[in-house]
Amino acid sequence: MRAPVSVVIPTLNEQAGLPACLGALFEGVSAGMIRELIVADGGSEDDTLQIAEDAGAKVVTCAASRGGQMRTGAEKAQGEWLLFVHADTVLSDGWSAATEAHLQHMDVAGYYALRFEKGGLAGRFVAGWANLRSRWFGLPYGDQGLLISRQLYEELGGFADIPLMEDVAIARQLGRRRLVRLDVWASTSPRKYQAQGWLRRGGRNLWTLLRYLVGVAPETLAAAYRRQ
């Protein structure tokens, strides 16, 4: 029987974080759970593609749009289940067992608990809010991963090809009743928070989310995001 899970990783100049992300995923390869690793690249100019190829990943290229990249990767995937993971996210040891236990629930998607590699009290606060937001409102972000059966993914129409908020869009389609947190940590890089300031970055993300929820177009939000 073929392994059930195809992993899709969107990338754009991710040479710094991708090796650790891939290294953690090989636990699932050893467990016979991962069928393939697919890196959907949006035009990297660093060593991202070489790192992916050296790890045995299948590389597909497309326009730089995280939603479009994950959509393209999913179209190339052959697994019964899809696991979307950001390139700067590292899953904690033992993740494959918790993930495999979820595979019997075809009509429910899973995500992981967020934490930052470092960041002290500010990092714990931001991660804590993210985990509460996910549980209370059913809105996990992409850096928490998404494990979803192909059947359910296709029922929803897949990721929207939009430049921002693709993770929130699919979470809203799923709703709280079809989203469950798995007992796994997803550790992500704090570099953007450290560069911009934890409060400033967190406030900016919350403002972007609120604007999206009241109907501002993702393209408008993405343009504002880049300017800031």
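Student: In which helix is Thr72 found?

Tutor: The model is a predicted one. Within it, the helix that spans residues 66–76 contains Thr72. That element is helix 3.

Student: Is Thr72 buried or exposed?

Tutor: Leaving aside residues up to four places away in sequence, Thr72 touches Val60 and Cys62. Its relative accessible area is 18%. Buried means under 20%, so Thr72 is buried.

Student: How do helix 9 and helix 10 run relative to each other?

Tutor: Helix 9 covers residues 198–213 and helix 10 residues 218–227, and their axes lie 10 Å apart at an angle of about 160°. Angles over 145 degrees count as roughly antiparallel. Helix 9 is therefore, with respect to helix 10, roughly antiparallel.

Student: Which hand does the crossing of helix 9 and helix 10 have?

Tutor: Among the residues that meet are Arg201 and Tyr212 in helix 9, and Leu221 and Tyr225 in helix 10. The residues of this contact comprise five nonpolar, three polar and four charged. Where helix 9 passes helix 10, the crossing is right-handed.

Student: What type of aromatic pair do Phe116 and Trp198 form?

Tutor: Phe116 belongs to strand 6 and Trp198 to helix 9, so the pair ties together parts 82 residues apart in sequence. Phe116 is buried at 11% relative accessibility, and Trp198 is buried at 15%. The ring centres are 5.0 Å apart and the planes stand at 90°, so the pair is edge-to-face.

Student: What type of pair do the rings of Tyr153 and Phe159 form?

Tutor: Tyr153 and Phe159 are both buried, and with Phe84 they form one aromatic cluster. Their ring centres lie 6.1 Å apart with planes at 55°, and the pair is therefore tilted.

How values were computed. Residues are numbered from 1 along each chain as its sequence is written. This is a predicted model: local features need pLDDT of at least 70, side-chain atom pairs count only at pLDDT 80 or more; totals for chains, interfaces and linings use all residues. Side-chain values use heavy atoms; hydrogens and water are left out. Axes are lines fitted to C-alpha atoms, for helices over the stretch in contact, and angles run from 0 to 180 degrees between N-to-C directions. Helices (H or I, at least four residues) and strands (E, at least two) are DSSP runs, numbered from the N terminus. Angles under 35 degrees count as roughly parallel, over 145 as roughly antiparallel, 65 to 115 as roughly perpendicular and the rest as oblique. A crossing is left-handed if the near helix is turned anticlockwise from the far one by less than a right angle, and right-handed if clockwise. Contact means heavy atoms within 4.5 Å. Ala, Val, Leu, Ile, Met, Phe, Trp, Tyr, Cys and Pro count as nonpolar, Asp, Glu, Lys and Arg as charged, and the others, Gly among them, as polar. Buried means under 20% relative accessible area, exposed over 50%, partly exposed in between (1.4 Å probe, protein chains only). Rings of Phe, Tyr and Trp (its six-membered ring) pair if their centres lie within 6.5 Å; planes under 30 degrees apart count as stacked, over 60 as edge-to-face and the rest as tilted.
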